[in-house]
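Trainee: Got a minute to go through this one with me? I'd like to talk about pockets and strands.

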Amino acid sequence: MIKVALNGYGTIGKRVANAIMLQPDMKLIGIAKTSPNYEAFVAQKMGINIYVPQESIKSFDEAGIKVAGNIEDMIKEANIVVDATPNGVGAQYKELYQKFGKNAIFQGGEKANVADVSFSSLCNYNEAIGKKYIRVVSCNTTALLRTICTLNKLSKVEKVRATIVRRAADPKEVKKGPINALVPDPASVPSHHAKDVNSVLKDLDIITMAVIAPTTYMHMHLLNVTLKSQVSKEDVINQFLNTNRFLLVRGKSKVNSTAEIIEVARDLGRIRNDIPEVVIFEDSIYTMGNEVFLMYAVHQESIVVPENIDAIRASLNLASAEDSIKITNTSLNIGKGYLI
């Protein structure tokens with residue numbers, strides 16, 4: 001059993017923690033928190049060991065939260081650390097991971113140079129095998145890479161043009177906006193998403209544009225992909241139907257929005273209504289010669305979770321890409337085919 005420490009227990013961290021506990025080859029040592037907020041109380045109620053900065057132990061004790069030790073204690077005990085701290089904080093913690101000689105997985109909010117490799121399970125798992133520091137790319141980049149690399153198996157991808165409609169905030173983020181605006185993110189082209197894709201697919205011709213919309217549910221991507229050879233709509237549909245970590249939405253299902261996708265996830269009893277799969281609107285898939293057009297939704301809170309689990313195995317050379325992805329998909333009940 002690989003002993004995994006989780007530094008950070010927010011939107012991504014708590015989901016990765018649950019995923020680690022479901023793995024047959026991993027054990028969650030504990031999680032690190034810096035403030036005794038409601039997430040710390042939830043972790044305590046779930047029986048998860050909580051580690052905190054030495055100077056914060058008193059505030060946790062006063063709040064009635066039992067502390068297992070300080071963050072250094074947790075890191076010493078682990079074989080590998082998953083860093084799910086806020087953007088930019090992971091780079092500061094890297095020095096501590098290096099001090100104790102621990103492998104670490106970082107999130108997409110960190111700059112690419114924090115790690116030895118940026119990671120996408122379906123694209124470059126083998127490149128990450130044995131790497132001490134791995135960066136799982138952001139939610140939007142994870143979706144882009146999954147989609148591009150899946151289409152690349154059908155025919156070589158030569159060019160990608162993408163427009164990303166980003167959710168403004170996660171549902172729990174009460175201090176973010178916009179409330180009544182569409183905001184270029186940024187107005188300059190390309191957006192940072194193209195650069196992030198190129199951190200994995202170095203030579204891909206890709207340009208992205210992005211806008212923030214006043215919604216919390218999911219992102220939406222509009223893709224135009226140029227392939228080396230001509231493909232049919234049926235070819236594209238079958239490629240996605242037969243690839244795990246994708247779900248298609250049939251037009252006849254009357255699911256026409258991100259809100260309805262989330263509602264379906266609730267009705268299906270998914271934990272936290274998470275959808276780690278890329279959700280493609282089947283009716284949006286259109287081909288013209290060697291061009292493919294499609295639209296899909298991205299659940300920003302959960303899509304990177306399986307990639308974090310695969311990155312742990314890749315870093316410690318625990319399994320091949322095929323075996324790790326299969327274990328992760330099975331343990332997290334990640335499917336393929338149609339949403340409903």
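Mentor: Sure. One term before we start: helices (H or I, at least four residues) and strands (E, at least two) are DSSP runs, numbered from the N terminus. And keep in mind that this is a predicted model.

Trainee: Okay, which elements each supply at least two residues of the lining of the largest pocket?

Mentor: Those are the helices α1 (11–21), α5 (89–99), α7 (139–152) and α8 (192–198), along with the strands β8 (133–136) and β9.

Trainee: And which one gives the most to that lining?

Mentor: That's α8, with four residues.

Trainee: What volume does the largest pocket have?

Mentor: About 1200 Å³. It has 45 lining residues, and Thr 85, Pro 86, Asn 87, Gln 107 and Gly 109 are the closest to its centre.

Trainee: How do the lining residues divide into nonpolar, polar and charged?

Mentor: For the largest pocket you get 17 polar, 14 nonpolar and 14 charged.

Trainee: What about the second largest pocket, what's its volume?

Mentor: That one comes to about 460 Å³. Its lining has 20 residues, with Leu 22, Ile 271, Asp 274, Leu 332 and Asn 333 nearest the centre. Two elements, α1 and α11 (305–315), give two or more residues to it.

Trainee: Which element has the largest share there?

Mentor: α1, which puts in four residues. By type, the lining of the second largest pocket is ten nonpolar, five polar and five charged.

Trainee: Back to β9. Which way does β9 run relative to β12, parallel or antiparallel?

Mentor: Antiparallel: eight bridges link β9 (residues 157–167) with β12 (residues 219–227). As one example, Val 157 has Leu 227 in β12 as its bridge partner.

Trainee: And how many bridges join β9 to β11?

Mentor: Nine, and here the two strands run parallel, with β11 covering residues 205–213. In that pairing Lys 159 sits opposite Asp 205.

Trainee: Switching topic: where is Asn 7 found?

Mentor: In strand β1, residues 2–7.

Trainee: Does Asn 7 count as buried or exposed, and why?

Mentor: Buried, because its relative accessibility is 3% and the cut-off for buried is under 20%.

Trainee: What is Asn 7 in contact with, leaving aside its neighbours within four places in sequence?

Mentor: The run Val 81, Val 82, Asp 83, Ala 84 and Thr 85 is among its contacts, and so are Ala 32, Met 74, Tyr 93 and Tyr 97. You've met Thr 85 already, as one of the residues closest to the centre of the largest pocket.

Terms used. Residues numbered from 1 in each chain as written. Predicted model: local features only at pLDDT ≥ 70, side-chain atom pairs only at ≥ 80, totals over all residues. Heavy atoms only, no water. Pairing = 2+ DSSP bridges. Buried < 20%, exposed > 50% of the residue type's maximum accessible area, 1.4 Å probe, protein only. Contact = heavy atoms within 4.5 Å. 1 Å grid on protein atoms, 1.4 Å probe; cavity = no way out; pocket = protein on both sides within 12 Å on 5 of 7 lines; lining within 4 Å. Points joined across faces, edges and corners; volume = space filled by probe spheres on them. Nonpolar A, V, L, I, M, F, W, Y, C, P; charged D, E, K, R; others polar.
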